[in-house]
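Hi,

Here is the structure I said I'd pass on to you. Have a look at it first, then read my notes below.

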Amino acid sequence: MSINNKLPMRRKFKKIRYVEYEYKLIKNPHYNEQEKVHYERQGMYYPVEEYIEKEIPQNKYKESSHIEYKIKCAYCGGVGWVKRRDAKFCCGNCRKLNYRDNQKTKE
Ligand SMILES: [Zn+2]
């Protein structure tokens with residue numbers, strides 16, 4: 001079967017999620033305002049920082065796209081958008097069913 005170069009095409013966009021870690025200043029859970037006042041009244045240095053830097057995962061999105069080709073499925077006859085221009089079936093199910101049917105006719 002020859003490859004048809006004049007298949008209708010479309011560009012399919014999708015967003016891909018990935019995680020990036022960013023340093024953020026957050027309130028230190030060990031910091032205690034009353035303790036700090038207590039320390040300072042006694043002329044002592046309070047060693048706990050009010051804010052600490054922490055690595056926090058951030059959801060990020062990037063756009064990606066690929067070309068899809070409009071084909072007529074050799075099994076169900078329906079129209080499908082597929083990534084391969086030489087694909088014969090609209091989906092994996094049709095490919096499987098077609099394969100199964102072929103096996104049956106061989107027997
Ligand atoms: Zn199909």
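**What I found**

Let's start with strand 2, residues 51–72: it is hardly covered, and just one of its 22 residues counts as buried. Keep in mind that this is a predicted model.

So who are the neighbours of strand 2? On one side, strand 1 (residues 9–27) pairs with strand 2 in the antiparallel sense, over 19 bridges. If you want a spot to find in the viewer, look for E20, which stands opposite Q58 in strand 2.

Strand 2 also pairs with strand 3 (residues 79–82), again antiparallel, through four bridges. Here you can look for K70, which has W81 of strand 3 opposite. The hairpin made by strand 2 and strand 3 has six residues between the strands, and G77 in that hairpin takes a positive phi near 80°.

Now zoom out. The protein chain has two helices as well as the three strands, and along the sequence the order reads β-α-β-β-α.

What about the overall shape? The C-alpha trace spans about 90 × 35 × 20 Å along its principal axes. The radius of gyration of the protein chain is 31 Å, while a compact globule of 107 residues would come out near 13 Å. Burial across the protein chain is at 3% of the 107 residues.

One last number: take the contacts between residues at least 6 apart in sequence, and 53% of them join residues at least 24 apart.

Have fun clicking around!

Methods. Residues numbered from 1 in each chain as written. Predicted model: local features only at pLDDT ≥ 70, side-chain atom pairs only at ≥ 80, totals over all residues. Buried ≥ 20, exposed ≤ 12 C-beta atoms within 10 Å, placed from the backbone. Pairing = 2+ DSSP bridges. Rg over C-alpha atoms; globule rule 2.2 N^0.38 Å. Contact = placed C-beta atoms within 7 Å.
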